[in-house]
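Okay, thanks everyone, I'll keep this short. Have a look at the next slide, and then I'll walk you through a few helices and some cysteines.

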Number of protein chains: 2
Amino acid sequence: MKLNGAQYRSVWREPDGAIRIFDQTLLPWRVEILRLTDAHQVAEAISTMRVRGAPLIGAVAAFGLALSLREDASDAAMDATATMLAATRPTAINLRWALDMMLAGLRNQPRDDRVAIAERIAQDIADDDVETNRKIGEHTLPLIQAHAAKPGPVNILTHCNAGWLATVDYGTALSGIFQAHDSGIPVHVWVDETRPRNQGALLTAFELSGHGVAHTIIADNAGGHLMQRGQVDLVIVGTDRVTRNGDVANKIGTYLKALAAKDNGVPFHVACPHSTIDWRIAQGADIPIEERDEREITDVTGQAPDGVIARLRVAAPGSPAANPAFDVTPARLVTSIVTERGVAAASEAGLLGLYPERKAS
Amino acid sequence: MKLNGAQYRSVWREPDGAIRIFDQTLLPWRVEILRLTDAHQVAEAISTMRVRGAPLIGAVAAFGLALSLREDASDAAMDATATMLAATRPTAINLRWALDMMLAGLRNQPRDDRVAIAERIAQDIADDDVETNRKIGEHTLPLIQAHAAKPGPVNILTHCNAGWLATVDYGTALSGIFQAHDSGIPVHVWVDETRPRNQGALLTAFELSGHGVAHTIIADNAGGHLMQRGQVDLVIVGTDRVTRNGDVANKIGTYLKALAAKDNGVPFHVACPHSTIDWRIAQGADIPIEERDEREITDVTGQAPDGVIARLRVAAPGSPAANPAFDVTPARLVTSIVTERGVAAASEAGLLGLYPERKAS
């Protein structure tokens, strides 16, 4: 993805095996590219969230394991490093999956070949993520193009951050937007600030700025009004989990935008890779919703005029807060789900149409 | 209304004519009661928003004019003071209305009687506001009580601030909530923080705390999810303007909550005095929506750990923002409109049922 005119991925490997990442804890305030030269530095970068986003940390961990084999390619060292890396974010499914893929491909190989094999598998994991997201965007593109005939830019509303920083490149919801921009379709993105953690105002706006895509940050409260006044052509969001029937769990507030889209005849699209579809769960009501720290509501982090990152209380002293982190948008409000295989209706039949191999499961 | 166990109004007059107000620019961080002893201090308090809220500034200005007559009760002085006070917030209708009421009642009275007359009219304006809001709450009470049979508290969601600080006492949307609490109905209020200006997290939470009403601050994004999970029994909001057909203009984001309420079978009530109904406007789409400074979105004011009130940027550097301040909730999403006269359906017929004298207009 582009940043100030240069092309980047969220992680890449240098010829000597060292890994380059953006320190995402400093974004959007400061762009700093870190060079990680051993697996301990990689583990630290994952656990302190210098890299975040499920697909990205899987790829970074795989590169980290490959890097460690340059020092010691024994089974014992390899297993110990994999265990250490897996422990950095214990609930991240992609992390475990990427490390297992590495170990399976390395286990029975001669030691002298292991560095080369590991670097190839890690690169494949990263490249596969890029290709998956590129295809998601490719399938999203016609949904955007459908609104390009009228005068002015295509106005797209998005919620939270589903861009390249959470993946190796492209992102999910933003992939089609970047590709539309690159192919010359004039697009303008309404960026929900996405309280309480402000990922929209901070990360999505940063990504769009870096790529040169026109955008405007709005309060989460404003989207419905903009739709009523005809200022939103379509909505595209990412998702944390899609259930078998097409219900969509995503960042808290997504459901409200889906209701407003329905009420105003605005298409509401959800973009995700196949790995986000949870075939074992029948419907969204069965998804447990994470309740996060109330200080995310009562306190805000930002940049002071002198450049220092600081924290303020923005709620009445002593008042408690509640902080459910996700909500579920019922399938009836979702126009389509876009994956690397194409565009599906938000229903079991629709999803099985893209993934017929799941019919038996 | 109660604050730490003591009973208060938002403005009151002392025996020597001096006016007492809360300095609302310091709330919720510091409770400071100011004593205003001449009309210039009153004008300063209004123009710097130490007092705010249409009904409240009308009453404060009236007390201010009465105070000035103690020094000089001539027609010339009286007119000059009224002009000065009216200029403090030029678009505030109640301010102009209250001053006109004062001048009309004073103009042909002997100078020696003017102080007493002025103090009586000003007190009447304040008392009438209290009585109007008390009645709004009285009519709201049965709507709350209707949910009191089930176990646990009645869960009420509100958006923005429609409490006593914007009026002389009680407030509008909160009046019924305070009265329910006082009459022993267990209530719990979900307080939308109400970005971008956070009036919910700051003022509504402060008012509810002061009166001892159980409440929880939430991100504006969370209300739909809570309704889906059965955690909201009813919604009560205030309004800035109701049109003849029952459409409701209120703080940005109200429309999204009304959609979620409809989708989940949750009653959505709007509380306001008769003066908020704009009989000249046929429908909400005709209401111009104020666009406010984008820095309300990109920057946040709050209290630092050392107690200092400070300002932080909370959006990516360089990204623009848009800030529509109100939205319109269509009458079809409004369960009822509650005024000092009773409960009406949100329709022209419903409103005319309460105000038959408007039929000819």
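So, at what angle do helix α2 of chain A and helix α5 of chain A pack, and how far apart are their axes? Before I answer, keep in mind that this is a predicted model. Right: α2, residues 54-69, and α5, residues 111-145, pack at an angle of about 170°, and their axes are 8 Å apart. That puts α2(A) roughly antiparallel to α5(A), because anything over 145 degrees counts as that.

Who's touching whom? On the α2(A) side you've got P55(A), A59(A), A62(A), F63(A), A66(A) and L69(A). They meet a set of residues in α5(A), including V115(A), A118(A), A122(A), I125(A) and A126(A), plus R114(A), E119(A) and D129(A). Sort that α2(A)–α5(A) contact by class and you get eleven nonpolar residues, one polar and three charged.

Over in chain B, helix α2 also covers residues 54-69. Its 16 residues reach 24 Å from first C-alpha to last, close to the 22 Å expected. And 14 of the 16 residues of α2(B) are buried, so that helix is largely enclosed by the rest of the structure.

Now, cysteines. How many disulfides does a search of the whole structure find? Zero, over all chains. Take C272(A): the closest cysteine sulfur belongs to C160(A), and at 15 Å that's too far for a bond. C272(A) is also buried, with a relative accessible area of 1%. In chain B, C160(B) is in no disulfide either, with the nearest cysteine sulfur, in C272(B), 15 Å away. C160(B) is buried too, at 7% relative accessible area.

How values were computed:
Residues are numbered from 1 along each chain as its sequence is written. Chains are lettered from A and ligands numbered from 1 in the order in which they are written. This is a predicted model: local features need pLDDT of at least 70, side-chain atom pairs count only at pLDDT 80 or more; totals for chains, interfaces and linings use all residues. Side-chain values use heavy atoms; hydrogens and water are left out. Axes are lines fitted to C-alpha atoms, for helices over the stretch in contact, and angles run from 0 to 180 degrees between N-to-C directions. Helices (H or I, at least four residues) and strands (E, at least two) are DSSP runs, numbered from the N terminus. Angles under 35 degrees count as roughly parallel, over 145 as roughly antiparallel, 65 to 115 as roughly perpendicular and the rest as oblique. Contact means heavy atoms within 4.5 Å. Ala, Val, Leu, Ile, Met, Phe, Trp, Tyr, Cys and Pro count as nonpolar, Asp, Glu, Lys and Arg as charged, and the others, Gly among them, as polar. The expected span of a helix is 1.5 Å times one less than its number of residues. Buried means under 20% relative accessible area, exposed over 50%, partly exposed in between (1.4 Å probe, protein chains only). A disulfide is a pair of cysteine sulfur atoms within 2.5 Å.
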